[in-house]
Amino acid sequence: MNKDSNKNNQPVDSHVELLHYECEQALLRRRFEEPLIEEEWRKWKKQNLQKKRKKSQVAMFVFLLSAAAAAIVCIFLLYPFLKINESVVMKTIYTAKKDINTISVDEYTENGHIDKKITIYKEKQQTKLENGAILSSQVADYSNLQVGTAKTNIVTIPRGQTYKMLLNDGTEVYMNADSRLVYPTYFCGKERVVRLRGEAYFKVRPDKDRPFIVFTDKTKISVLGTEFNVRSYEDSSEHITLIRGSVKVRIPEIEKEILLTPGKDIAYADRKYEIRNVDTGLYTQWKDGYFYFDDVYLADILKELGYWYNVTIEMEEVPSLQKLKLHFVADRGETIGRIIDNLNAFNSFIIYWDRGKRKLIVRKKNNKS
C-alpha cells in the first residue's frame, strides 16, 4: 500500500477539497434558510397570473378603443341616411290589409243571407258540392252544375294569390290578387251578369242571345263573346283593355258609351276618360305569373307590389319621384326582398324594407353622396 494514500485509496488532495466544500455548504446553511419548494411555486404562479391579467386588460382596452373608432366611422358614413330631415314629406300610397291568405266562397240565399261559407286552402284537396260544383285550390268549376235554383255567390281572392273561375256557361275568369267577384251559380234570364271589384281577365263564351255583362263600381261592360281585362281597384284609375272581339263600355257617371276595338284601352278616373292603343301584354302578363311594366309611373308599380305582397308603401313626396316612369319586369313568385334588390339597381331612388312593420320606404337617392 502506498503511504501517500488513505485506507480507501483516495488521494490526500481530493480528501482536503471535499472537506472544504462541506464546510462552505455548512456555513451557507447557517447564513441562509433553505427555500420551501411549494411556497416558491405559489409565489411564481401568483406573479405570472398578475402579468397575464395586465396583458389581458391592455388587450381589452385596445379592442374597445378600436370598436369605438369603428363605430364612429360607421356613424359618419351612414349619417346621411340616419339623420332626420324635417323637410322630407312622406306619403302613404298603399296600406297593407289584415293578413288573410285563404280564398273564400260565400253562397247567399234569395233573401241575401249567407247560406254557406267555404274556405279554400292551398293544401286542401278538391271539394265537390251537392249542386255539382267542384272547388279546389286552383279553380272553382261550375261548368257541370246541376240545373236548379240559382244562388248568388261571392268569391274573394286574398293578396298574393290568383284564382280561376269556370262559370256555368263556360266563361273563364282569371282573378287577380285582392279581388272579388259576385256571380250566380247558374245563369238564367236574358243576360249573364257578374260584378267585379279588383282585377280579372275574362274569356267569355259566345252567346248572341244572352250578352255577358260586367258591372264595376264605375262602369258597365257588355259583350257577346270576347277576351278582355278589367282593372277596377278602389284607389286607382279603372282600365278596360280589349284583347279580341269588341266590348261596349258605359260610364253612367258622365252618361258616356264607348265601343272598344282590339288593342285599345280605356282609362277612367275623376269623371275623365282616355282611350289609347296599347301593348295588351302590359295588362295581361299578371295572369301568366309576371310583373310587366313599360313606361309606368313608379307609384303605380309600387301599388301593384302592395296588392301582391300585402305591404304598406311610403314614398317621399318629391317631383322627381312622382314623375318617374320605369320599365320593370319580374317574376311574381320572387320574394319581396329580391324584388327590392332589383328595383334598387335604379339610380333615382332607394327602397328600405321594414320587415317588422311590413313597410316599404321609398326615398330619393342622393347621387352626390
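Visitor: Which residues does S236 touch, not counting residues up to four places away in sequence?

Guide: K218 and Y307. A touch is a contact here, meaning heavy atoms within 4.5 Å. S236 itself is in the loop between β14 and β15 (238-244); helices (H or I, at least four residues) and strands (E, at least two) are DSSP runs, numbered from the N terminus.

Visitor: And what are we looking at overall?

Guide: A predicted model, where local features need pLDDT of at least 70 and side-chain atom pairs 80 or more, while totals for chains, interfaces and linings use all residues. Residues are numbered from 1 along each chain as its sequence is written, and side-chain values use heavy atoms, leaving out hydrogens and water. The protein chain has six helices and 24 strands.

Visitor: Why is S236 called buried?

Guide: Its relative accessibility is 19%, and the cut-off is under 20% (over 50% is exposed, partly exposed in between; 1.4 Å probe, protein chains only). So S236, at 19%, counts as buried. Across the protein chain, buried residues make up 36% of the 369 residues.

Visitor: What makes E255 exposed?

Guide: A relative accessible area of 69% puts E255 over the line, so exposed is the right word. E255 belongs to the loop between β16 (247-251) and β17 (256-260). Its phi is near 50°, a positive value in a residue other than glycine.

Visitor: How do you know that D270 is exposed?

Guide: The value for D270 is 72%, so exposed again. D270 is in a loop too, the one between β18 and β19, and its phi is near 55°, positive although the residue is not glycine.

Visitor: Why is I118 buried rather than exposed?

Guide: The relative accessible area of I118 is 16%, so the label is buried. I118 is part of strand β3 (residues 114-120). Not counting residues up to four places away in sequence, I118 touches I103, S104, V105, L129 and L135. D106 is 6.3 Å from I118, C-alpha to C-alpha, with the two residues twelve apart in sequence.

Visitor: How much of the contact in the protein chain joins residues at least 24 apart?

Guide: Take the contacts between residues at least 6 apart in sequence: 49% of them join residues at least 24 apart.

Visitor: Why is the pair of Y94 and Y307 called edge-to-face?

Guide: Rings of Phe, Tyr and Trp (its six-membered ring) pair if their centres lie within 6.5 Å, with planes under 30 degrees apart stacked, over 60 edge-to-face and the rest tilted. Y94 and Y307 are 5.0 Å apart centre to centre, with 80° between the planes, which is edge-to-face. The pair links distant parts of the chain, with Y94 in strand β1 (residues 90-94) and Y307 in helix α4, 213 residues apart. Y94 has a relative accessible area of 4%, so it is buried, and Y307, at 3%, is buried as well.

Visitor: What makes F202 and F228 a stacked pair?

Guide: Their planes are 15° apart and their centres 5.2 Å apart, which fits stacked. F202 lies in strand β11 (residues 192-203) and F228 in strand β14 (residues 227-232), so this pair ties together parts 26 residues apart in sequence. Both F202 and F228 are buried. F187, F202, F212 and F228 form one aromatic cluster, and the pair count by this rule is ten.

Visitor: How do you know that K287 lies over the face of Y201?

Guide: A charge sits over a ring if NZ of Lys or CZ of Arg is within 6 Å of the ring centre and within 35 degrees of the ring normal. K287 is 4.7 Å from the ring centre of Y201. K287 also lies over the face of Y174, at 5.4 Å from that ring centre.

Visitor: Which element gives the largest share of the lining of the largest pocket?

Guide: β20, with eight residues. The largest pocket holds about 1,000 Å³ of space; of the 35 residues that line it, H239, R276, Y283, V296 and D300 are the closest to its centre. Elements giving two or more residues to the lining are β18 (264-269), β19 (272-277), α3 (281-284), β20 (290-297) and α4 (298-309).

Visitor: What makes it a pocket and not a cavity?

Guide: On a 1 Å grid over the protein atoms alone, a cavity is a set of points where a 1.4 Å probe fits but cannot get out, whereas a pocket is an open set with protein on both sides within 12 Å along at least five of seven lines; lining residues have an atom within 4 Å of a point. Points join across faces, edges and corners, and the volume is the space filled by probe spheres set on them.
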